[in-house]
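Thank you all for making the time this morning. I would like to walk you through one chain, starting with its overall build and then moving to particular residues and rings, so please have the picture in front of you as I talk.

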Amino acid sequence: MSETSAENSTYDVAVIGYGPTGATAANLLGALGLSVVVLERDEEVYARARAISTDEEVIRIWQRAGLADRLKRDMLAERPLDFVDARGRTFLSARPAPRGHGHPPQMFLYQPALEQVLREGVERHPNVRVLLRHECLRLRQSADSTGVELTVAGADDRLRRLRARYVIAADGGSSLTRAQLNVGYEGRTYEDRWVVVDTRMLEPWPGHDRLRFRCDPERPAVDCPTPLGHHRWEFPVLPGDDEKHLTGHDAIHDLVARYGIAPHQIEILRATVYSHHVRFAARFRVGRVFLAGDAAHAMPPWIGQGMAAGVRDAANLCWKLAAVLRGELPEPVLDSYEAERKPHVREITRRAVFVGRIITERRPAVARIRDTALRAVRTASALTSRLVNAHWIPVASYAEGLQARPRAKASGHQIPQPWVTAPDGTRARLDDVLAGRWLLLHTGPLVPQPAWERAGVPALAVRPAGSDPAEGAVVDSDGVLLPWLTAHRATTVALRPDAYVYAAAPAAAHLPPPPPGFTLPTRSP
């Protein structure tokens, strides 16, 4: 490679990796007005569809980036989920229940199309520079802890040095950044390997739009609708199987023929063999470098949360980086990223492993017990209702991290997002009114909150449905916010920019003060 050249500019944030996590971070940071450089080794969006679904909480994050409605146009919503036995009989059906984020609870996606929309979203922000076919070979954090120097190899084989105040490493499970930081990646890789088959649907078949976990002890399978005319199957590689043969067209047609799918009904796009991993980085932060997405954690795909976990990482971290860079919050606040994200990722992973065990059980006797037990649940109406309405994905709430002490019942929870009547009389989603800022939300007269008033935090009243629009108030048109606040014993809450409750107080009580070192400096828009 040729001689290394240095650039004079220093970016606020460098993002390494341009998959869904990195692209989400670039959109959020760009919208926050930070100067950002994105480094991505490959030139094109990765063609293989890895993630196939997401949830309402993640769509809410993309709403904050101004992309939710565009992304949803390419998704499938409200599709049922069936667990099917070896004879094709459904022994359990479910539909994920809404969790209050204002979007469908589960949506199926085609990842290459999703990533393309995320990248187009980044193009809206002139403050974000994207360097494709560029790989970060080395990181060096300055001795005075003021920034990070990145040595980058470009497509022309030239080396250049860039500088950034902070770095988000979203460069995947085999993260070179994590290796350079000497951070362990603890956990296990499961022995079972699976074939993932992406197809284009040429002729529909009955039930093509249902997600089925085919719990056949002989060979389990995942049979999943994906949008834009695609369909996904996943099959385990069994002892004695030839992986190369199993990814060939003849073998794939034989596998799907078991479910009545003829060769003329699908076009096989690609087939890949992969292993399931359960891994966590020992640390999510080393100085000014933060690991996110698969670089920080990996989980089996059974509840479709691998990509979603990375998007949540970006959402949690980006507004905090902006607050620190603007002087609104002190630098130690960034430690709350791992404190808030790691427990949630561990719980999601635990649930994914549990669901995987149900689906992939291959001992015939145990599988029969499973099928019988779940059929019994299905015939018991109360149990069925509880199961169908269960939150398959744990709600992200924080026991530790950036919240006031003593904790209130609402602390660490994200407020729901209904449609409300905005002060100007228009109907809007709540987050669009909150506008990603620190805010006091209250019912009834606002008890004076001197510490928050001195910090310049605005207040917004919540009025019951049927009230007239008014400046400084939203109308709870759908009747969601006021019951939620009552259930959480709060008449006033201090919301963080990500709509999580920092502090809460009952009637006629004062909120705990803002975080130490908190200020809202005057700045241009």
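Before I give any figure, let me fix one word: when I call a residue buried, I mean that its relative accessible area is under 20%. Please also keep in mind that what you see is a predicted model. With that meaning in place, 55% of the 525 residues of the chain count as buried.

Let me stay with the whole chain for a moment. Its secondary structure comes to 14 helices and 26 strands. The radius of gyration is 24 Å, close to the 24 Å that the globule rule gives for 525 residues, and therefore the chain is as compact as a globular protein of that length. If you lay a box along the principal axes, the C-alpha atoms fill roughly 70 × 70 × 35 Å. Among the contacts in the chain with a separation of 6 or more, 70% are between residues 24 or more positions apart. As for the outside, the chain exposes about 22200 Å², and carbon and sulfur atoms supply 52% of that area.

Now to the aromatic rings, of which the structure holds 14 pairs. One of these pairs is formed by Phe 83 and Phe 213, whose ring centres are 5.2 Å apart and whose planes stand at 40 degrees, so the pair counts as tilted. What I would like you to notice is that this pair links distant parts of the chain, since Phe 83 belongs to strand E5 (residues 81-84) and Phe 213 to strand E13 (residues 211-214), 130 residues apart. Phe 83 is buried, with a relative accessible area of 3%, and Phe 213 is buried as well, at 6%.

A second pair, Tyr 398 with Tyr 500, is stacked, with 4.9 Å from centre to centre and 25 degrees between the planes. This pair, too, links distant parts of the chain: Tyr 398 lies in the loop between helix H11 (381-388) and strand E20 (419-421), while Tyr 500, 102 residues apart from it, lies in the loop between strand E25 (492-495) and strand E26 (501-505). Both Tyr 398 and Tyr 500 are buried.

Which residues do ring pairs link into a cluster? They are Trp 319, Trp 438, Trp 452, Tyr 502 and Phe 518. Rings also meet charges here: the charged end of Arg 288 sits over the ring of Tyr 166, 4.5 Å from its centre, and the charged end of Arg 346 sits over the ring of Phe 280, at 4.2 Å from the ring centre.

Let me turn to some single residues in helices and strands. Gln 63 has its place in helix H2 (residues 56-64), and at 9% relative accessibility Gln 63 counts as buried. Setting aside neighbours within four places in sequence, Gln 63 is in contact with six residues you can look up, namely Ala 68, His 103, Gln 417, Arg 429, Asp 431 and Asp 432.

Another glutamine, Gln 111, is in helix H4 (residues 111-122), and Gln 111 is buried, with a relative accessible area of 3%. A polar atom of the Gln 111 side chain lies 2.6 Å from the backbone nitrogen of Ala 51.

Two leucines come next. Leu 162 lies in strand E11 (residues 159-169) and is buried, with a relative accessible area of 0%. Leu 162 is 152 residues from Thr 10 in sequence, yet their C-alpha atoms are 7.0 Å apart in space. Leu 317, in helix H8 (residues 306-325), is buried at a relative accessible area of 2%. Apart from neighbours within four places in sequence, Leu 317 is in contact with Ile 168, Phe 290 and Tyr 337. Leu 317 and Phe 213, by contrast, are 104 residues apart in sequence and 34 Å apart in space, C-alpha to C-alpha.

I will finish with helix H7 (residues 249-257), where Ala 251, Ile 252, His 253, Leu 255 and Val 256 are buried. And what covers the buried residues of H7? The cover includes strand E12 (185-201), strand E15 (230-237), helix H6 (243-246) and strand E16 (266-281).

How values were computed: Residues are numbered from 1 along each chain as its sequence is written. This is a predicted model: local features need pLDDT of at least 70, side-chain atom pairs count only at pLDDT 80 or more; totals for chains, interfaces and linings use all residues. Side-chain values use heavy atoms; hydrogens and water are left out. Rings of Phe, Tyr and Trp (its six-membered ring) pair if their centres lie within 6.5 Å; planes under 30 degrees apart count as stacked, over 60 as edge-to-face and the rest as tilted. Helices (H or I, at least four residues) and strands (E, at least two) are DSSP runs, numbered from the N terminus. Buried means under 20% relative accessible area, exposed over 50%, partly exposed in between (1.4 Å probe, protein chains only). A charge sits over a ring if NZ of Lys or CZ of Arg is within 6 Å of the ring centre and within 35 degrees of the ring normal. The radius of gyration is taken over C-alpha atoms; the globule rule is 2.2 Å times the number of residues to the power 0.38. Contact means heavy atoms within 4.5 Å. Accessible areas come from the Shrake-Rupley method with a 1.4 Å probe; for residues, only the protein chains shown count as cover. A polar contact is a pair of N or O atoms within 3.5 Å; within protein, one must be able to donate a hydrogen and the other to accept it, and residues adjacent in sequence count only if both atoms are side-chain atoms.
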